Amino acid sequence: MTDSTVDARSAGTSSGSGATDTQWHHASISAAQAALARQDITSTGLVEACEAAWHRDNPRLNAVVVSDFDRAHAVARERDAERRAGNVRGPLHGVPFTIKESFDVAGWPTTVGDPAFTGNVASRHATVVQRLEDAGAILLGKTNVPIWLRDWQSYNDVYGTTRNPHDLTRTPGGSSGGSAAAVCSGMSFFDVGSDIGSSIRNPAHYCGIFSHKSTHGLVPLDGHGLPGGATFPDINVAGPLARSAHDLQSVLSAIAGPTADAACAVRFELPRSHAKDLSEIRFGILPSHPVAEVDTDVEQCIVALGKDLERRGARVQWNAKPSLDAAELLRVYMLLLRAATSGYLGEDAFAASVSSAAEASADDRSYASLQHVGAVMRHRDWLKLQPQRERFAAAWRALFEQVDVLLCPVAATAAFPLNEQGAPWQRTLDVNGRAQPLTTQLFWAGHSGLCGLPSTVAPAGRTAQGLPVGVQIVAPLYHDLRSIHVARLLEAAGYTFQPPT
């Protein structure tokens, strides 16, 4: 294992593989599998292509922060031998990938960006990592995160700052920012991140790639974060980031499923969407919201997409949203979010939150206050919030009787300039010429995320500055394949990944 910024091993090219051709830096999993089947390239060649992209781009992007290409090449040779013997494990066989730093890999550190945990070396793989390797995928390395996974940027004192491949002065997002930057730049074919506050969705939007936040409880999260975490923590989920919507389904199929203990009794059979054309889908479109205003550049992309769908014959319901108190949902989400992540707080930080929560006014709905109230919440108070969550879920169920999916923004703006001053909750964004608290972004994370709904992100356009804009495709519980299928139909209609120039 080596730090990716200092590993100086040269990237070779297999004879006749064409592996370093930049086509592989932008190819989908399905394209790679077709080439492997035709023997146009080998798994070793795909690893070489990713390594070449890593040598070319990682020094400036700092996306992959731990890597072991020697190990990856050894595994690739095994996968090539299996293929020659007719043993292909599935659509991920021989495909290189990276994993978010917060997932355990045996023998590698899991720090969540905190220097205090540089010695936290995992003894076994997280379930997600093990399932991907069992499916034949080839692990290249780990990708960068913000400290404790609590920012829409990805920087920390262990591994430094990750930059957006489309504009090095801007964030790639967070907390799966390294994941998105690695996939966008061609250093890996896919990555798996985690999402409790748009940590998968936001980076895909900022980097112009596809991603999927899975239904809560669909993918086990044991081996994620620091030791002692729950297999199915509240709100938090895992999901893939890739360059094609089809790839999302391939990866999700490999990582989804019950835990090993439950597998003897439980099976997941996700409902499939059989729509052959966008005109067969009932779309709800929500371009902005009074609780979380969206910048005109982003809103216009969502509106233009809706109008394009109308021209294509789709049924569109404008300004569709669940019938609920959105401001109250945001308050409940902030409380439960910070309750779910309070385990990351050290004793001193927790004590400070206890003091701050005691001073908080009961009617204070600011994140600055609610983060402390949520972090020190008594279990009884947590339980008393659950009926409200169920009422929000019922409102979503009612909406999905009228529409098949809801299209809405991922965040208020496109990728914003890097800003590492102060804490995230102390920063602001420029939204339509006005300063908006950065934490207002949590609305677009929690609007559906609090109720565990699946959300796929697909490219939807560009801002006037040429920055990517994604659309969030929200579907009912366990209808993950519906939101992914809609993304596939959008991709076929021209809403595709565009490599950075």
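## Two loops with positive phi

Let's start with S198, which sits in the loop between β6 (190-195) and α6 (201-207). This is a predicted model, and in it the phi of S198 comes out near 80°, a positive value in a residue other than glycine. Most residues other than glycine have a negative phi, and most peptide bonds are trans. Is S198 buried or exposed? With a relative accessible area of 2%, S198 is under the 20% cut-off, so it counts as buried.

L149 is another residue of this kind: its phi is near 65°, again positive and again not a glycine. You'll find L149 in the loop between β3 (138-143) and β4 (155-156). Its relative accessibility is 13%, so L149 goes down as buried too.

## A cis peptide bond

While we're on backbone oddities, have a look at the step from G174 to S175. That peptide bond is cis, with omega near 10°. S175 belongs to the loop between β5 (160-161) and α5 (177-185).

## P96 in strand β2

P96 is part of strand β2, which covers residues 96-100. How much of P96 is accessible? Its relative accessible area is 0%, so P96 is buried. Setting aside neighbours within four places in sequence, P96 has quite a list of contacts: L46, V47, C50, I138, L140, S188, F189 and F190.

A122 is another matter. P96 and A122 are 26 residues apart along the chain, and their C-alpha atoms are separated by 21 Å.

## Helix α9 and its partners

Now to α9, a helix of 15 residues. At 1.5 Å a residue, α9 should span 21 Å, and its end C-alpha atoms are indeed 21 Å apart, so expectation and model agree. Most of α9 is covered, with 11 of its 15 residues buried. Those buried residues are A326, E328, L329, L330, V332, Y333, M334, L335, L336, L337 and R338. What do they pack against? The answer is α11, α12 and α13.

Take the α13 side of that. The axes of α9 and α13 cross at roughly 90° and come within 9 Å, so α9 is roughly perpendicular to α13. On the α9 side the contact uses A326, L329, L330, Y333, M334 and L337, and these meet L442, F443, A445, G446 and H447 of α13. By class, the residues of this contact split into 9 nonpolar and 2 polar, with no charged ones.

## Helix α12

Helix α12 runs over residues 379-399, which makes 21 residues. How does its length check out? At 1.5 Å a residue the expected span is 30 Å, and the end C-alpha atoms lie 31 Å apart, so the two agree.

The buried residues of α12 are a mixed bunch of names: L385, Q386, Q388, R389, F392, A393, A395, W396 and L399. They pack against two helices and two strands, namely α9 (326-340), α13 (442-449), β11 (405-409) and β15 (468-474).

## Where α10 meets α11

Helix α10 (residues 347-359) and helix α11 (residues 367-375) pack at an angle of about 115°, and their axes are 8 Å apart. That angle makes α10 roughly perpendicular to α11. The crossing of α10 past α11 is left-handed. Which residues meet here? F350, S353, S356 and A357 come from α10, while H372, V373 and A375 come from α11. This contact has 4 nonpolar and 3 polar residues, and no charged ones.

S369 also lives in α11. Its relative accessible area is 8%, so S369 is buried. Not counting residues up to four places away in sequence, S369 touches A360 and D364.

## After α14

One last stop is A493, in the segment after α14 (480-492). Leaving out its neighbours within four places in sequence, A493 is in contact with L278 and R312. How far is A493 from D308 in sequence and in space? They are 185 residues apart along the chain, yet their C-alpha atoms are 9.9 Å apart.

Technical notes:
Residues are numbered from 1 along each chain as its sequence is written. This is a predicted model: local features need pLDDT of at least 70, side-chain atom pairs count only at pLDDT 80 or more; totals for chains, interfaces and linings use all residues. Side-chain values use heavy atoms; hydrogens and water are left out. Axes are lines fitted to C-alpha atoms, for helices over the stretch in contact, and angles run from 0 to 180 degrees between N-to-C directions. Helices (H or I, at least four residues) and strands (E, at least two) are DSSP runs, numbered from the N terminus. Angles under 35 degrees count as roughly parallel, over 145 as roughly antiparallel, 65 to 115 as roughly perpendicular and the rest as oblique. A crossing is left-handed if the near helix is turned anticlockwise from the far one by less than a right angle, and right-handed if clockwise. Contact means heavy atoms within 4.5 Å. Ala, Val, Leu, Ile, Met, Phe, Trp, Tyr, Cys and Pro count as nonpolar, Asp, Glu, Lys and Arg as charged, and the others, Gly among them, as polar. The expected span of a helix is 1.5 Å times one less than its number of residues. Buried means under 20% relative accessible area, exposed over 50%, partly exposed in between (1.4 Å probe, protein chains only).
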